[in-house]
Structure formats: structure tokens, C-alpha cells
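Q: Here is a model to go through. Please set each value against its definition.

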Amino acid sequence: MSAVTDAATPTTVLEAPHVMEFPYTRSTGPVVGAFLTGLRDRQVLGARDSAGRVVVPPPEYDAGTAEAVSAGDLVPVASEGVVTSWSWNPTPRTGQPFDRPFAWALVRLDGADTALLHALDAPRDAVRTGMRVRIRWAQETTGGVHDIACFEPGEAQ
Amino acid sequence: MSGNRAAVLGTGQTRHVAKREDVSMGGLVREAAQRALDDAGLAWSDIDAVVLGKAPDMFEGVMMPELYLAEALGAVGKPLIRVHTAGSVGGSTAVVATHLVQAGIHDRVLTVAFEKQSESNAMWALSIRIPFSQPLVAGAGGYFAPIVRGYIRKSQAPLDTGFKVALKDRLNALKNPYAHVREPDITFEKVAESPLLWDPIRYAETCPSSDGAGAMVIGSERAAEDSDRPVAWIHGTAVRSEPTMGAGRDRVNPHAGRECAKACYAEAGITDPFRQIDCAEIYVPFSWFEPMWLENLGFAEEGTGWKMVHDGTTALDGELPVNMSGGVLSSNPIGASGMIRFLEVANQVRGTAGEHQVPDAKVAMGHAYGGGSQFFAMWVVGSEKP
Amino acid sequence: MTETAENDTTGPVTGIVTPIRLEYRYTPGTAASMFLRGMKQGEVRGRRCPSCSKVYVPPRAGCPMCGVEFAEEVLVKDTGTLVTFAVVNVNFANRVIDLPYVSAEVLFDGADTTTMVLLTGVPVDEVRMGMRVKAHWLPREQWDFSMTNIDHVEPIDEPDADYESYREHV
Amino acid sequence: MREVAVVSYAQFATRREDRRNEVEMLLPVLREALEPTGLSTQEIGFTVSGSSDYLAGQAFAFVSALDAVGPWPPIAESHVEMDGAFALYEAWVRLQHGDIDTALVYAFGRSSPGDVARVLCLQLDPYLVAPLWPDAVSLAALQARALLDTGGADDKDLARVVARSRRNAQGNPHAQLAGDADEGQLLDQPLYADPLRKHDCPPVSDGAAVVVLAAGDRARELCERPAWIRGIDHRIEAQHVGARDLTTSSSTALAARKAGLEPSSVDLAELHAPFSHQEIVLTRALGLDEDRTSINPSGGALASNPVMAAGLVRIGEAAQRLMDGEGERAVAHATSGPCLQQNLLCVLEGDQ
């Protein structure tokens, strides 16, 4: 706890750190669950929407018609694709994929019509829109979005 | 009535349970919403706007979850509003949706309220320690138990009043397929002998922590006339708020609750609520709040609400059945609890309440409250056009 | 800070755990700071509403009944009347006190609002509304910017307050 | 629709506020907004506010904020967990019923206690996106890149937006960042969240804003030159930024159409664009011509960005200019969610 004096008033205002912390337990439901099960198997799944697009990650409900997406109708897409946009993150924050400056990228995986957001492990001056990247899988996959460790330059091996 | 006529075209809710581990948050709200649409005989494309209600975002650890839920709510390309008025939110949300129709802006508004408490822990969320503050309040029970004691002192109510309310609501819940707490072998003795948590409140007199959602489609007069399903006409709505910590504020019989009821009755043309209202769903998270709210809502004189509990007036077959569904005591997905009160009474006047239907219910009241007994939302619905 | 699957490693994924930790710098504001500085000195400070004359303890920024800012600071006593209470038999992860304990709403003498404090020094079944109580302060060297400097209240040897004198605070 | 107007507006001078809590920020602003109308809290027909518990780091933050209003005897009141602009929408809806004539709208937010760009991660898909903690600056930068990649804008355009914001903010006593920076100087600054520079991002602001609405003749009684709301609408898109065309804002365009916006008639626009490129996206989605319309005469959200109040501030700023006779027609905009996911448009007209 600390006290800071403000010149504008004679009042000494107090201040203290306040932490809110909780490990939320989330049930995924069938569609998100199927996507995460796919990641655990090192396989990315998408859903074909009412406009004919393959959307990755698959939405639970179609944005155009509001109809439910069936987990059984998910389709596999490739583990490599093209960067459709990127940004440089100079000040990594707690919980982000890297604790050093890194790029975020939107990647349209081959076979998909929309882009997936994740970190891209590449030097800043090497990152370009349009560059080919592939998924670097986590050494151990557990069924979460961190099963994708990040994207990295190159084609799938 | 204020503005254009409006009616409930359909309702839906989930089976309330401690943990809905088979669905995401999107899946949970969707289940209630889809049921409301099906009940109204409508499709997603018939909906003009969506109003979502939910209690604090910390319960699920999602800030303004309506943003992420836009697709699940079928709201993409539509207006989407998120209401948060603490425990009263389910009721306030229905009122906001009603306003959209009464204002003549939309013909069919979907309103949904939910809580997925199993994502975290309500006790934790309600007891987050703020620096410099007193850590003494032990959850909602710790806050409300002294108020219940105040009621007992003021009214000289017999100490078993709360047990009787709890027993009634638990038994009513057995007739409600959506209720969370189902104890077929519940008895007066079991309630009376359950652990004393926050004296004077016993375990069996408290509400559970539930995952659940409730939803309604609220429509204009034209939409109601186009519908081939029974509808509940909205005769009156009201919301009222007062400060939490006001000096000398009556927390047992809050002024805001009395004012809210008065405004709601005035709009609905009700002058004698006990005679004119056939049944009510009242927000009772701790059993003693039934007699307290009966007085606050003008169904009983101050200090006498407990008598209606003891003489069976509020039983399912009584003169004024209260919480026919089993109430909050039997299901409490916090953010949805108020909306469930509202939709249950809509079902009563539509004649679609099922096994806990009050025969011939024509006018019914839904009630919600929140905060430190300071936020109130109410409506009166009827089978006839106002 | 990664999510971990709650599932076994072969069946379909049905759940994840997502830890969330947020850090804030919290300020209680000027009014509460004034109160807490008083606590640090062993004083119970309130503020009086210029409109309705009620004294708020702890003080807030303004009078919630009148919507005006407080002006006058007043000292209230650390004796008071137990207005209502709960006997708590259930504990929480973030709060461990020996059970049962009495959570008391006390109207300190000179205040118009009640404050929730721990009551000890009397068997639980003898606690009653209207009891006169006094604050038991922690040792002076432990005083901090905190309401918890008043560790608890204890009964004092005075006749119970007349119910009508505190009825409006119940 | 019933005629409804903004009749009074006040705001807290935005800055990092480390002394006052939310109630203490609101109290003087509420008084300042109500004073010229002569209305008391009890005379107001409906009160509604917007705020976020997560900004404050405590559940029910709005509950204690209500104390500032002095809601006694009890008032008809509601709260949205949204920007205050959406609270204003709710008030406008309520006024359409015809039984009440006035409404009080307020919003408040303190972004400084936490890391607001990180707090906003909690708005994202809680299963697939939020666990990566992509902060709001990084997401906005992805959107900026997408826009720049189309070739329809370059970094000079971004600098031009910032320079104008800083210049305009010099005339706004509530603004946090103001100055005379020229575009060249701005472009000399290093890239921060490439392709954004620090000045392309909003400041961390704490603030509060209050708007009083009134209907019909009551508005004319309360205000010499009310700012009439001629249309108001809001629309939302699906959230995932990878599935949206980030270079445009379809929900903004749709809301503008529903609100009856005629871009060529607008004298001034207050656009809730926390990042410089978002102003360009919005200006184009609305079909505004910068030669015809003064964009963000207050400096906009780049000059001060009190999250949860910044959208209501846009409506207040636009309305105040009309009330002051600085224009005939205005449009105000508010946004919510990552990369302009949800957008509200309010078309305003000065009293003729």
C-alpha cells in the first residue's frame, strides 16, 4: 500500500495492488470441442458456412443464417497457409505466446476462406503479408489453442 | 401500459443444473433462445433485435460476452443490447426488450438471459476482496441474513415461516421439468434440520448455484395477432432503483420495491393486487424473502406477509400461488433468474405452464430484485389484450 | 498461463481451463482515503451530508440519498449499538475465521449508517439486537490504512438500546 | 418517431485520474449537466448508465456509481454493460413511449487502474482466442495492416488523422492529448505496434460523461437550441477478426443507413475511432467527405479515450456543437468490441 499526495487537494489518497485471479473451467460444447480435439491430433478443422466459405476456426452458429453448425460436418484444412495480415507486438504481455517481441498474424490456411489468429515466430524484417507459413505444433498437444505453438515461415513438412 | 401494445410470443428455458458440461456458453444461451423461437413458431430471420442480460462478467470471465455471443444469439447484422442490473437483470432485460416493442421500433425482439456459474464460482466472484475493504461479508447469505433477522424482529413472524416457504417451493419444483433442485423426499423436518449456514438462514432455505438460461420473444400487437400460438399480453412494466448504503434506508421493506410495484400496477390498471392478480413468480433467493416481498408488493399489510405462508395462501392451490415453478430457491442461474420469473408468469397466463399451471390464471406478476435489495424490475402480464 | 484440457488424452475434448489473472492499482477515492487515514490513527471518521445532516461511516464521496458532495468531517465514537447480525457457520476460500462467528451491523455512536464488524466476547446464543458494544482495536503498532484495525467489537456493560432508537437502521 | 433531443452535456476532463474513484468523478459532472436544465434527479423520467465491471476490476462497479445520482426517492433506472452511447439508445427508446419527457444518461470508466489493452482481451472468444491474450493494440494493428495492404491508405494518411486530432484537441478543454504536431514530425516517430506508431493509438484515459435528453416541447423549454436526434441505430458483426473484412465496417454502414444518414448534409462528425486507421475505415463506411464534413472537431478518441464513456462523449461533443450553433447537422458514432465489431450511429440536427 502506498499513499500519494496530490497538490490539488490536501487529501492523501491511498492506493494498493488489486489482483483478480481465477482458473475458469470452460465446457466447450461439440463444435469447439471437435476443433480442439482436432488440434490435439495436429489437425485443423473448419466449417463450411451458408455463403460457401470454409471458416476456421469453425463458428458454432452460422453468421449469415444463425443456424447451428454440426460438429459432424467439420472439414479438415491444411496446416500451412498464407499471411493475410500481421502486426508487430513490441511489448509482450503476460499470457501471450512469447515473452519477447513477436508478430501476430492472421493466416489463411490452405483450404480455408478465413484466417486464423496466432503468433508468428519470425524476425520482424522477414514478416510480409502474403508470406507462406506453417503451424509449429506444441511438443505435447492437450486439446487447447496452445496446441498450436505458433506459426513459422515455410511449408508443412 | 406505456407506448404500443406488446406481448410475449414464446418462451424457452434450459433444464437448470449445477454444471452444464455438455455445452459452451453459446450453446447454453442458444438452447433457451431456440426453444423460445420454437414456442413462438418463429424462425431466426423473424427476429429484429436481441437484448441479452447477465449478472457480473466475472462469473464467466468474459467481458461483455454479448460480443462473442453475436452468432449464437443470431444477432449478426442486428441491434444487440446487453443489460446488467445485478440480480434484477433478468427482469430488467425483459423490460428493455419490451420497451423496444412498445416504442414501435421493432415487431419481434428476442431477449435472453443466462449465467454459467460453473465456469467459475459464484461465492468467489461475490466475495472478491477489494483492497482496504472489510472481508467480513460471507457471500450473499452473509449480507441478507441480518436483514432477515430484521424482518423477524419487526414482524414477530414465527421462526418456522422460512421452512414452510422452502418446503412449498421444493415441492413445486417437482412439477417443473426445468427445475434444478429436486428432492422428492423433502419434508418439513428435513428443512428445519438442515445446517444453519447464516443464522437465521438454513441450508435448505437457500438457492442453488445453477447453469441456465431463459429466453422470450416479445412481439408487437401485429406480431401477436399474426401468431397462432397463445400469447401473454404485457399489461405493465416498471423498474426502480435506490442507493445501497443510504442512511436509514429500509432494507426489509425497500421503498424502491414499493414504488416499483405501485408504478407497475398503475400501468396495468391494478388497484387491489391480491384480488386482481391470480399468481406471481417472485425473486426469493432465501426463503424468508417470500413474506418480505409479499408485503413490499402490496399483497399483504406490512408485518403480516408471513401469515399468507402459514395459511397456505401462497401454495400452488392457494388463493395467491407464489413461485409455482419452485422459484429461485429451486433454480438460480443468477443473471437468468429474473427472466425465468417473468417467463414463468407469461406461461401461466398463456396456459402453457404444464404441471405447475394455475387453473384459469388470467393476470400474473413477475418480479426480480438485485444488489442490496435496491434494484427492482416487475411486470404484470395477462391473457387478455390490455 | 495456458489453458489445459480437463479431459483424458484420447476421448473428445469437452473442457478446458483458462486461468485469468488481472492486476490493477486500486484507489478507494478521496473520501474513503480520509476514513482510512483516520483508521491508521485509531479514529473513526465520518462525513456529514450538508443537505440531510446524516453522518456516513465509512464516508462515501457524496450522500447517496441527496446526490451532493459531503463537506463536513466528523469524528464518531467507537462505541455503538448492535442493530442486527448474522451468525455465520460457513467459510469461504478467501476468508478463514473460526466458526461460528457473529457478523454484526453496528451503529457507532454519532453515525447514521451501520458498519459490518466481527462481534466476540459473548456466547453466540446470547447475542441480541440492541446490545451496546465497543471496538477492540488491534495493538497500535499493527494499525494500517484499514477498517480491520478494529479487530472486532465486544459487549460493554450498558443496558441494551431501546428498539425504537435504532429501528430505522434494521 | 417522437422528437428527442440532447439538451445538456457535460464531461469530466479526461486524464489518468489517480485520486477520485468513479463516484467522485461522476458527481461534479452530473451536477454540471443537470444545472442548466434546472432538473433534479427526481424530476428525470428515466436514468440509464453504461460502464464495465472489468475496467474497474470489481463486480457491480455501477452499483456504487449510482450513489452519485442520489437516487432518492427511488428512480426509474437501468444499466447497460456497454459504452454509454448504448445507454443513450435505451433512453431514446424509453422516451418514444410518450409518458415521460426527460432522461438522464451517464457513463464512466477508469482505464488507468489496469492494463486496459490486456483487460479487453477478455472480450474475445473465451475458448479459442482469449487464451492467447491478443491485446487490443495488436488487434488494431492487424486491422491497420489490412487497410494499408489494400493500397487505399498509407502511413501519411494515418499521420494526417493524428495531426488533425491533436490540432482540433487544442480547442477542447477536456482533451488529454493536444498539440501542433505536423505530419512529417509524426512520421519521424518510430513504429511501435508495426504498422502503428504510438500516436496512432489512444491515450489511457479515465473519464465520465453525462447527457440529458428531452422530448418534444420539453426539449425546447429546457434548452435554447436542442440537438435533435433524427436517427439512431446500432448493428453488430460476428467477432472473429480473421473472418471479417477489416478494411471496411459493414455494421457501421448498415447502422448509418438505418439511422437515415445523408452523408453529404453532415457538417461535423464525431467518430469513435480509438486508432487512427479506424477513423479512415469509418469515414469511408459512412461516405463522409472530409472537405464537406469536419471530422472529430473535438480531437476524437485519439485525444482522449475514456473506455465505456468515449462513445457517449462523441454524441455529447457533436450535440454540444450543434447547441452552440457550430453546425446544422452532425453524426456521432460509438464502437465496441475488437476492430470495430459493434457500431452505433446517431444523426443529429440543430434546432431550426
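Q: How do you know that the span of α4(D) agrees with its number of residues?
A: The expected span of a helix is 1.5 Å times one less than its number of residues. For the twelve residues of α4(D) that gives 16 Å, and the end C-alpha atoms are 16 Å apart, so the two agree. Helices here are DSSP runs (H or I, at least four residues), strands likewise (E, at least two), numbered from the N terminus.

Q: What are the ground rules of this model?
A: The model is predicted: local features need pLDDT of at least 70, side-chain atom pairs count only at pLDDT 80 or more, and totals for chains, interfaces and linings use all residues. Residues are numbered from 1 along each chain as its sequence is written, while chains are lettered from A and ligands numbered from 1 in the order in which they are written.

Q: Why is α4(D) called largely enclosed by the rest of the structure?
A: A residue is buried if 20 or more other C-beta atoms, placed from the backbone, lie within 10 Å of its own. Twelve of the twelve residues of α4(D) are buried, so the helix is largely enclosed. Among them are D:F86, D:W92 and D:R94.

Q: What makes residues of domain 1 and domain 2 of chain D count as in contact?
A: Their C-beta atoms, placed from the backbone, must lie within 7 Å. By that test, 33 residues of domain 1 of chain D are in contact with 28 residues of domain 2 of chain D. On the domain 1 side, α4(D) gives the largest share, six residues.

Definitions and conventions
Contact = placed C-beta atoms within 7 Å.
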